[in-house]
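Me: Got a minute to go through a structure with me? I'd like to start with one contact and then move around.

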Amino acid sequence: MKKWVAVSKAAALASVMLVMVLGNVSCSQSFEVPVPLGESEFPEFPGLQPGDPIPAAFNDLSLPIPNVFPSRATLEGYIEDAGFGWLLSIVRIESVELVEMRLEATQGNFNGLTRLAFTWKLAAVGGVTPDPVDLGTALSPTGTLGANITLTPAATVNILDLVDNAATHDEGSNPELSIGVAGTVPNPLPEWDFSMRIRITIRLF
């Protein structure tokens with residue numbers, strides 16, 4: 001029985017490898033995964049009232065990194081959920097690309113803002129702080145961003161860089177999310193469900 005199972009797995013592996021080789025010369029496979037990141041909200045705007053113009057001094061608001069941001073173990077779980085779990089011993093994660101981020105307001109909306117930009121500020125590693133990573137910007141000259149926003153980065157963002165930085169940064173230095181805003185203070189300040197969609201690419205060793 002054990003021998004039959006081993007032979008079946010070997011045959012299945014050979015079939016998958018053949019399909020990957022014939023279907024993609026690079027022997028890689030990509031799939032997308034939605035990733036919930038929990039709830040978030042704007043920090044307060046001290047001294048400002050709803051409807052007040054937002055001065056440049058408030059264009060760099062800081063939020064903590066969501067505590068459910070995926071780790072490498074979580075990413076391997078996504079690979080298993082996609083049906084590639086039994087291949088984990090012979091594949092490596094080649095890249096994890098951010099496709100988009102979504103903000104869905106659960107209180108209020110983003111109206112009043114003419115600009116909403118997210119930047120990931122990486123923590124220092126070995127005393128060196130990497131450059132910030134642009135996660136996407138939403139613009140509305142009329143200040144009508146609405147209740148649901150989709151942010152698409154202008155350049156490729158490899159989530160693996162962010163995952164590893166969050167796990168291996170120097171003590172006393174922490175990554176954070178920076179929100180750049182322009183326009184007027186929303187009323188009320190919105191709260192939102194935070195999520196992202198990522199594209200995982202795996203490659204045979």
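**Working chat**

Reply: Sure. This is a predicted model. One contact to start with: a polar atom of the S140 side chain lies 2.9 Å from the backbone nitrogen of T144.

Me: Where is S140 found?

Reply: S140 sits in the loop between strand 5 (133-139) and strand 6 (148-151).

Me: Is S140 buried or exposed?

Reply: Buried. S140 has 6% relative accessibility, and the cut-off for buried is under 20%.

Me: What does S140 touch, leaving out residues up to four places away in sequence?

Reply: L113, T114 and L145.

Me: Switching to charges. How many salt bridges does the structure hold?

Reply: Seven. One of them pairs R72 with D164, and the closest N and O atoms there are 2.9 Å apart. That pair links distant parts of the chain: R72 is in helix 2, D164 is in helix 3 (residues 159-168), and 92 residues separate them.

Me: How open are R72 and D164, then?

Reply: R72 is partly exposed, at 39% relative accessible area. D164 is partly exposed too, at 28%.

Me: What about R203, which acid does its side chain meet?

Reply: E94. The salt bridge is 2.4 Å, N to O. It also joins distant parts of the chain: R203 belongs to strand 8 (residues 191-204) and E94 to strand 3 (residues 91-107), 109 residues apart.

Me: Are R203 and E94 buried or exposed?

Reply: In between. R203 is partly exposed at 23% relative accessibility. E94 is partly exposed as well, with a relative accessible area of 29%.

Me: Which residue does R102 pair with?

Reply: E100. Their side chains meet in a salt bridge of 2.6 Å, N to O. R102 counts as partly exposed at 36% relative accessibility. E100 is buried, with a relative accessible area of 14%.

Me: Which residues are joined into one network by salt bridges that share partners?

Reply: E32, E97, R197 and R199.

Me: And why do such side chains pair at all?

Reply: Side chains of opposite charge can pair when their charged atoms come close.

Me: New topic, empty space. How many cavities of 30 Å³ or more are there?

Reply: One. The largest cavity holds about 70 Å³ of space.

Me: What lines the largest cavity?

Reply: L37, P66, F69, L98, M101, W120, L135, I159, L162, L177, F194 and M196.

Me: How does that lining divide into nonpolar, polar and charged?

Reply: The lining has 12 nonpolar residues, no polar ones and no charged ones.

Me: Which elements each supply at least two residues of the lining?

Reply: Strand 3, helix 3 and strand 8.

Me: L37 is in that lining. How far is its C-alpha from that of N67?

Reply: The two C-alpha atoms are separated by 7.9 Å, and the residues are 30 apart along the chain.

Me: Where does N67 lie?

Reply: N67 is in the loop between strand 2 (61-64) and helix 2 (72-84).

Me: Is N67 buried or exposed?

Reply: Exposed. The relative accessible area of N67 is 77%, and exposed means over 50%.

Me: Quick recap of the two loop residues, please.

Reply: S140 is buried at 6% relative accessibility, whereas N67 is exposed at 77%.

Definitions and conventions: Residues are numbered from 1 along each chain as its sequence is written. This is a predicted model: local features need pLDDT of at least 70, side-chain atom pairs count only at pLDDT 80 or more; totals for chains, interfaces and linings use all residues. Side-chain values use heavy atoms; hydrogens and water are left out. Helices (H or I, at least four residues) and strands (E, at least two) are DSSP runs, numbered from the N terminus. Buried means under 20% relative accessible area, exposed over 50%, partly exposed in between (1.4 Å probe, protein chains only). A polar contact is a pair of N or O atoms within 3.5 Å; within protein, one must be able to donate a hydrogen and the other to accept it, and residues adjacent in sequence count only if both atoms are side-chain atoms. Contact means heavy atoms within 4.5 Å. A salt bridge is a side-chain nitrogen of Lys or Arg within 4 Å of a carboxyl oxygen of Asp or Glu. On a 1 Å grid over the protein atoms alone, a cavity is a set of points where a 1.4 Å probe fits but cannot get out, and a pocket is an open set with protein on both sides within 12 Å along at least five of seven lines; lining residues have an atom within 4 Å of a point. Grid points are joined across faces, edges and corners, and a volume is the space filled by probe spheres set on the points. Ala, Val, Leu, Ile, Met, Phe, Trp, Tyr, Cys and Pro count as nonpolar, Asp, Glu, Lys and Arg as charged, and the others, Gly among them, as polar.
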